[in-house]
Amino acid sequence: MSPPATPTDDPGLALHHVGVRFGGLVALDDVSLRVPPGRVVGVIGPNGAGKTTLFNVVCGFVRPSGGSLTLDGRPFRPRPHRLTRLGIGRTLQGVGLFPGLTVLENVTAGASHAARAGFAAALFGLPGSDRDERRLRAEALALLAELGIDRHAAAAPATLPYPVRKRVALARALIARPRLLLLDEPAGGLGADDVAELADLVRALPQRADGCAVLLVEHHMDLVMSVCHELVVLDFGRVIAAGPPERIRDDPRVAEAYLGADVPADAGGTP
Ligand SMILES: Nc1ncnc2c1ncn2[C@@H]1O[C@H](COP(=O)(O)OP(=O)(O)OP(=O)(O)O)[C@@H](O)[C@H]1O
Ligand SMILES: [Mg+2]
């Protein structure tokens, strides 16, 4: 990756002319976008547009073949295992909880390295760690309560309905107090009521005590339109439109991209 053409002091995450190739296939082509602090930025586009690829670039699962990323203006080369330390949380498409742990344990497992060190000490019965453990558990329980699922704290994830498990995954990402949260299709598999509640949760993220920017990759039109400050529309790996939702909704290029493609049944309507 090359550094951005001009140095930047932009706060938050930025992609600069990012390209990704898989063999001969161009999955992302010259994609630039910004996720400033306290903003919810949505990435939408028809099937195969490159949304998951973009998400994977930011998580460090896919290395760009061109362009660069910055975090607070500094060069950023994402690595999956370093995200939490950098204040970046994520939930993946699907759920991905640890099946052998309770809900509460799954959430504490998402805590930052430092908090977890205290928790690990507690697990092994080392002295001086009880307070850390209690604090972490209390924080996890408070988060579960905030998300309306604290009554499931002791349950095994497999015994819970899908929407509850998705919330547990969100709590696990939030306990590290991320300043940037990456969400890949959080509405996938949810019914209308759960999507409405998810929208309330996502809208509230920037107002949390520590503030939080959100990069939301999502098919569900109603959700992105109702929670995002900015939208970036991908089609065949290129940004075809970007701006506030009300402008994107009326953009004929966006309608054309969606109408010419396969919009999933749960997409919540075309723009
Ligand atoms: N690991 C890979 N190897 C080869 N091609 C890939 C790989 N990952 C994605 N692609 C291709 O890159 C393009 C973009 O795929 P991507 O999964 O990013 O799209 P998407 O917008 O997330 O689609 P969907 O809405 O169906 O989830 C597609 O043509 C896809 O087939
Ligand atoms: Mg995808």
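Start with the pocket: the shell around ligand 1 is made up of 4 nonpolar, 6 polar and 1 charged residues. Keep in mind that what you're looking at is a predicted model. The chain has 271 residues, and its secondary structure comes to 9 helices and 10 strands.

**Around ligand 1**
- Here's who sits around ligand 1: Phe-22, Leu-25, Ala-27, Gly-45, Asn-47, Gly-48, Ala-49, Gly-50, Lys-51, Thr-52 and Thr-53.
- Two elements, strand S2 (25–35) and helix H1 (51–59), each bring at least two residues to that shell.
- Helix H1 chips in the most, with 3 residues.

**How the chain is put together**
- Buried residues account for 39% of the chain.
- Take the contacts between residues at least 6 apart in sequence, and 68% of them link residues at least 24 apart.

**How far to trust the model**
- Across the chain, the mean pLDDT is 85, with 83% of residues at 70 or more.
- Of the chain's elements, strand S1 (residues 13–22) comes out highest, with a mean pLDDT of 97.
- At the other end of that ranking is helix H3 (residues 113–123), which has the lowest mean, 55.
- Residues 1–7 stay under 50 in pLDDT, and the model gives them 10 contacts beyond four places in sequence.
- Residues 262–271 are also below 50, and this stretch has 26 contacts in the model beyond near neighbours in sequence.

Terms used: Residues are numbered from 1 along each chain as its sequence is written. Chains are lettered from A and ligands numbered from 1 in the order in which they are written. This is a predicted model: local features need pLDDT of at least 70, side-chain atom pairs count only at pLDDT 80 or more; totals for chains, interfaces and linings use all residues. A residue is near a molecule or strand if its C-beta atom, placed from the backbone, lies within 6 Å of it. Helices (H or I, at least four residues) and strands (E, at least two) are DSSP runs, numbered from the N terminus. Ala, Val, Leu, Ile, Met, Phe, Trp, Tyr, Cys and Pro count as nonpolar, Asp, Glu, Lys and Arg as charged, and the others, Gly among them, as polar. pLDDT is the predictor's confidence in each residue, from 0 to 100. Two residues are in contact if their C-beta atoms, placed from the backbone, lie within 7 Å. A residue is buried if 20 or more other C-beta atoms lie within 10 Å of its own, exposed if 12 or fewer, and partly exposed in between; C-beta atoms are placed from the backbone.
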